[in-house]
Amino acid sequence: MLDAEFECRKCGKVVSYKQYELDRFCPHCGTFLRPRRQPKYWVFQFNPAIYGWFDWIKENKKTEQWLTSQHARYIREGDKVAIWASGNKAGVYAIGEIVANPRKRPLNPEQEKYWTNKADVYKFLEKNSVIIKYLKVIIDRPLLEDNCSRDPILSAMEILKQSQGTNFPLTKEQWNRILELIDEKHQINE
Ligand SMILES: [Zn+2]
């Protein structure tokens, strides 16, 4: 609860929990404050054998549509996502942010050719999907599964315990650790 924030419905100003404890009303306009939703963190997984994500991203695509087959009720705009490739070089290859809430939308036609099996394209008509905006792409220096398994914080990641699916929860601590490790790698490689 320490990092909880409260948002004013009327003027949109955000105040800290500390301020909220002093006064339940907005210091700017006096309206009753309500808790602001904290962003959630996720791992989204693709299988390079069935989706040509690497080709897609090499064409410098800034946004991408992703299925939310799991947890769609909890995934929201503003949440952060680590993109995970399965296979023999499994790991994190990009990070991004959800910019459109889950809903049923046909697959963006530009993405269709990257699916090996066209039947997968129709999943987008049956299931909810979101739009991700990429914040950082690290295909040349991924955070590999081995490093995650050895890390005291990341070894508890859901995807390492049970790898079936597209969408996996991540704790805030795990997300921060991913950012930290990506940054360290960045410094070493430069
Ligand atoms: Zn206000």
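Select Trp115 first and show what surrounds it: leaving aside neighbours within four places in sequence, Trp115 is in contact with Tyr51, Asp120 and Val121. The model on the screen is a predicted one, and this residue is found in the loop between helix H3 (109–112) and helix H4 (119–126). Draw a distance from the C-alpha of Trp115 to that of Tyr51, and the two come out 4.7 Å apart in space although they are 64 residues apart in sequence. Is Trp115 buried, exposed or partly exposed? There are 17 other C-beta atoms within 10 Å of Trp115, so it is partly exposed, since a residue counts as buried at 20 or more such atoms and as exposed at 12 or fewer.

**The whole chain**

Now zoom out until the whole protein chain is in view, with its seven helices and ten strands. Taken along the principal axes, its C-alpha atoms fill a box of roughly 55 × 40 × 30 Å. Of the 190 residues in the protein chain, 25% are buried. Among contacts with a separation of 6 or more, 66% are between residues 24 or more positions apart.

Colour the chain by domain next: the domain assignment gives domain 1 as residues 5–35 and domain 2 as residues 41–189, and the C-alpha centres of the two lie 34 Å apart.

**Domain 1**

Select residues 5–35, the span assigned to domain 1, and look for an open sheet of three strands in the order E2-E1-E3, with antiparallel pairing. At its edges are strand E2 (14–16) and strand E3 (33–35), each of which pairs on one side only. On average, and with direction ignored, neighbouring strands of this sheet are turned by 40° against each other. Strand E1 (residues 5–8) pairs with E3 in the antiparallel sense over three bridges, and to see one of them, select Cys8 together with Leu33, its bridge partner in E3.

**Strand E4 and its partners**

Move on to domain 2 and select strand E4 (41–46). Five of the six residues of E4 are buried, so the strand is largely enclosed by the rest of the structure. E4 and E6 pair in the parallel sense over six bridges, and the bridge partner of Trp42 in E6 is Val81. Four bridges join E4 to E10, and these two strands run antiparallel; here Val43 stands opposite Phe168.

Keep Val43 selected and display what it touches. Not counting residues up to four places away in sequence, Val43 touches Ala82, Trp84, Met157, Ile159, Phe168 and Leu170.

**The largest nonpolar core**

Which members of the largest nonpolar core touch the most other members? Of its 32 residues, these are Trp42, Val43, Val81, Ala82, Ile83, Trp84 and Leu170. At least two residues of this core come from each of strand E4 (41–46), strand E5 (63–67), strand E6 (80–85), strand E7 (91–103), strand E8 (129–137), strand E10 (167–170) and helix H7 (172–189), and selecting these elements together is a convenient way to display the setting of the core.

**Strands E5, E7 and E8**

Centre the view on E8 and follow its pairings. E5 and E8 run antiparallel and are joined by five bridges, with Ile131 in E8 as the bridge partner of Gln65. E7 also pairs with E8 in the antiparallel sense, over seven bridges, and Ile98 stands opposite Ile132 in E8.

**Three loop residues**

Finish with the loops, beginning at Asn60, between helix H2 (53–58) and E5. Asn60 has a phi near 60°, a positive value in a residue other than glycine, and with 8 other C-beta atoms within 10 Å it is exposed.

Go next to His71, in the loop between E5 and E6. The phi of His71 is likewise positive, at about 60°, although the residue is not a glycine; His71 counts as partly exposed, with 17 C-beta neighbours inside 10 Å.

The last stop is Asp140, in the loop between E8 and strand E9 (143–144). Asp140 is exposed, because 8 other C-beta atoms lie within 10 Å and the cut-off for an exposed residue is 12 or fewer. Draw one more distance from Asp140 to Lys62: the two are 78 residues apart in sequence, and 17 Å apart in space from C-alpha to C-alpha.

Note on methods:
Residues are numbered from 1 along each chain as its sequence is written. This is a predicted model: local features need pLDDT of at least 70, side-chain atom pairs count only at pLDDT 80 or more; totals for chains, interfaces and linings use all residues. A nonpolar core is a set of buried Ala, Val, Leu, Ile, Met, Phe, Trp, Tyr and Cys residues joined through C-beta atoms within 7 Å. Two residues are in contact if their C-beta atoms, placed from the backbone, lie within 7 Å. Domain bounds come from an automatic or database domain assignment. Two strands pair if DSSP finds at least two bridges between them. Axes are lines fitted to C-alpha atoms, for helices over the stretch in contact, and angles run from 0 to 180 degrees between N-to-C directions.
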